[in-house]
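Subject: Structure for your files

Hello,

Please find the structure below. My notes on the sheets and salt bridges follow it.

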Amino acid sequence: MTKPSLPELLHAAVAAVGGMERPGQVAMAEAVAQAVDDGAHLLVQAGTGTGKSLGYLVPALAHGDRVVVATATLALQRQLVERDLPRTVDALHPLLRRRPEFAMLKGRSNYLCLHRVHEGVPQEEEDGLFDPFEAAAPTSKLGQDLLRLRDWSDETETGDRDDLTPGVSDRAWGQVSVSSRECLGASKCAYGAECFAEAARERAKLAEVVVTNHALLAIDAIEGAPVLPQHEVLIVDEAHELVSRVTGVATGELTPGQVNRAVRRAAKLVDEKAADQLQTAAEGFEKLMELALPGRLEEVPEDLAYALMALRDAARTVITALGGNRDRSAQDEDAVRKQAMAAVENVHAVAERIANGSEYDVVWYERHDRFGASLRVAPLSVSGLLREKLFADRSVVLTSATLKLGGDFNGVGASLGLAPEGVEGEDLPVWKGIDVGSPFDYPKQGILYVARHLATPGREGSRTDMMDELAELIEAAGGRTLGLFSSMRAAQAAAEELRGRLDKPVLLQGEDTLGELIKTFAADAETCLFGTLSLWQGVDVPGPNCQLVVMDRIPFPRPDDPLMSARQKAVEEAGGNGFMAVAATHAALLMAQGAGRLVRATGDRGVVAVLDPRLANARYGSFLRASLPDFWYTTDRNQVRRSLAAIDQAAKAGA
């Protein structure tokens, strides 16, 4: 029998999910198939509505080698495993004459730990898992959650936190899960044979397609101990998120609370001298942190370096002692020891990393109203790490609706450790970029309006003219507005002001769960939803109830953001344009994501309004505009009000 062609396979898969074949999807599938066959690397920009999941799944399944698909969001992971993969595998089975297996794999702390459920948490006594009083009268929310988790542990097949509905708080989940450092290991654990995390790993080893997340991909790359099974093809979806997720995994943190917890956990298991040494070091660190002012530390001050070295040395002494001592009086001693060891090792690793002071790290203090001060360290860049670990020994396909910034892929490519497209050299991964377009007719479906007449936003100030403009635009649109703000403070101020001015409901992020807010917004045409970062990329509301997307200002990183400003400075010192490489690229990515909230289906119409005149007037404005969908562009405020009113009337007539 002849091998089925890629168009035949794609046609069968699209029919199975009830979709429509699109030219962009076909072009994407062909490019992915070519890259996988050649063992090459590919960046694919595929606009909303292209059907990019099938654009990479079909050629990957047809190829037959093991594929890892890494996504940024839980929603896409679930969509792949619960909808796209089962239907695609069923549709391709008759043509391929095989049924590829697929599995989901996450980090260990995402799975219920049966040892914790049955034996309790080896923590301070007052924090025990099933407190007898709570068990007898589970009046507290935590007590109710823990009892529900215990019941759920008997019926769940996966132990995956995301399969628990409704969910539970992080505090409750922390009592029934372990990190990889705290895990006893299947061979030493009484529940190893039934372990949910181990079962997920075994399923992944047997599967042809393994769906995971960016964080686990980063852990696999950074820690050197393979978490993912061997694979020939890596597909990174939502690839615009990868750099920030990898940076997050590579960031270390020390807080007085965390150090004190490590002291408490270790104190019962080591001799008094070792415990006292760590206690004294912890007290010295805590005193310093009380005086810490937020901001970057270009050099680690002498008193902090001394405190960190004291912590490092004391932690090392305790780690050695924990390895040698055995306290048989401690209940479930192995688990107690493992948790103490994990806490102290983390303190040791971060203290040593900051004390050693690498030129490739950025160190800063942060102060949080609720949690106090923390000391943080992050890599200045992850591009070298990604170049070395991501693109070696496998074909890599990176895809997203926003990879082309300012008209080309080189900005995103550079952040991933790639040289400009077409440049070849030793140790430089060769790659190509392809934009397969979008099924939407952006110039006819949307308007990009820049409020050129407004004052340039300053760092502070009420922006009265912006509030007036926003109120008028919402009135013209009849509600239907998603407000994307550059800070929570700005979103709150706008919500407060407009609730007093308009007779339209204004929802504000943080006043309910994100899911509930989006559901309410999508259900009522007059409702507006205001918020910050997660709304810029997490809202999918097709149809007439989201016809105006407003950005209050260009979302440059804050000037006092220690990591972004350090990265900008490093580019400048190397002779580049730090502002364009870091700040403008960051803003372009967010704006492209934000503007992508407007047109989600072929019948959608509306306006993206940017209330920041710099998008029209500044030199970098053209770079930012070139990163957005190709909407019809105007700075005419009267024209845009007329258009919004007409769109509102059409929506009402069609309702």
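Is Arg376 buried, partly exposed or exposed? In this predicted model, Arg376 has a relative accessibility of 22% and is therefore partly exposed, the cut-off for buried being under 20%. Its salt-bridge partner is Glu366, with 3.6 Å between the closest N and O atoms. Glu366 belongs to strand β8 (residues 361-368) and Arg376 to strand β9 (residues 372-379), so the contact ties together parts 10 residues apart in sequence. Glu366 is also partly exposed, at 34%.

Other salt bridges

The structure has 37 salt bridges. One of them pairs Arg501 with Asp468 at 2.7 Å, N to O. This pair connects distant parts of the chain, with Arg501 in helix α20 (residues 488-501) and Asp468 in helix α19 (residues 464-477), 33 residues apart. Both ends are partly exposed: Arg501 has a relative accessible area of 37%, and Asp468 has 31%.

Arg312, Asp313, Arg316 and Glu352 are joined into one network by salt bridges with shared partners. Within it, the closest N and O atoms of Arg312 and Asp313 are 3.0 Å apart. Arg312 is buried at 15% relative accessible area, whereas Asp313 is partly exposed at 30%.

First sheet

One open sheet has 7 strands with parallel pairing, in the order β3-β4-β2-β5-β10-β1-β11. At its edges are β3 (102-104) and β11 (431-435); each has a single partner strand, so one side of each has no neighbour in the sheet. From one strand to the next, the twist averages 15°. Strand β1 (residues 41-45) runs parallel to strand β10 (residues 395-400), and 4 bridges join the two. Leu43 sits opposite Leu398 of β10.

Second sheet

Another open sheet, with parallel pairing, also consists of 7 strands, ordered β14-β15-β13-β16-β17-β12-β18. Its edge strands, β14 (506-508) and β18 (632-634), each pair on one side only. The twist here averages 20° from one strand to the next. Between β14 and the parallel strand β15 (residues 528-531) there are 3 bridges, and Val506 has Cys528 in β15 as its bridge partner.

Helix α24 (residues 578-595) packs on this sheet, where it touches β13 (481-484), β16 (548-551) and β17 (606-610). The direction of α24 makes about 160° with that of β16. Helix α27 (residues 637-654) lies across β12 (446-450), β16, β17 and β18, at about 145° to β12.

Regards

Terms used
Residues numbered from 1 in each chain as written. Predicted model: local features only at pLDDT ≥ 70, side-chain atom pairs only at ≥ 80, totals over all residues. Heavy atoms only, no water. Pairing = 2+ DSSP bridges. Axes fitted to C-alpha atoms, helices over the stretch in contact; angles between N-to-C directions. Contact = heavy atoms within 4.5 Å. Salt bridge = Lys/Arg side-chain N within 4 Å of Asp/Glu carboxyl O. Buried < 20%, exposed > 50% of the residue type's maximum accessible area, 1.4 Å probe, protein only.
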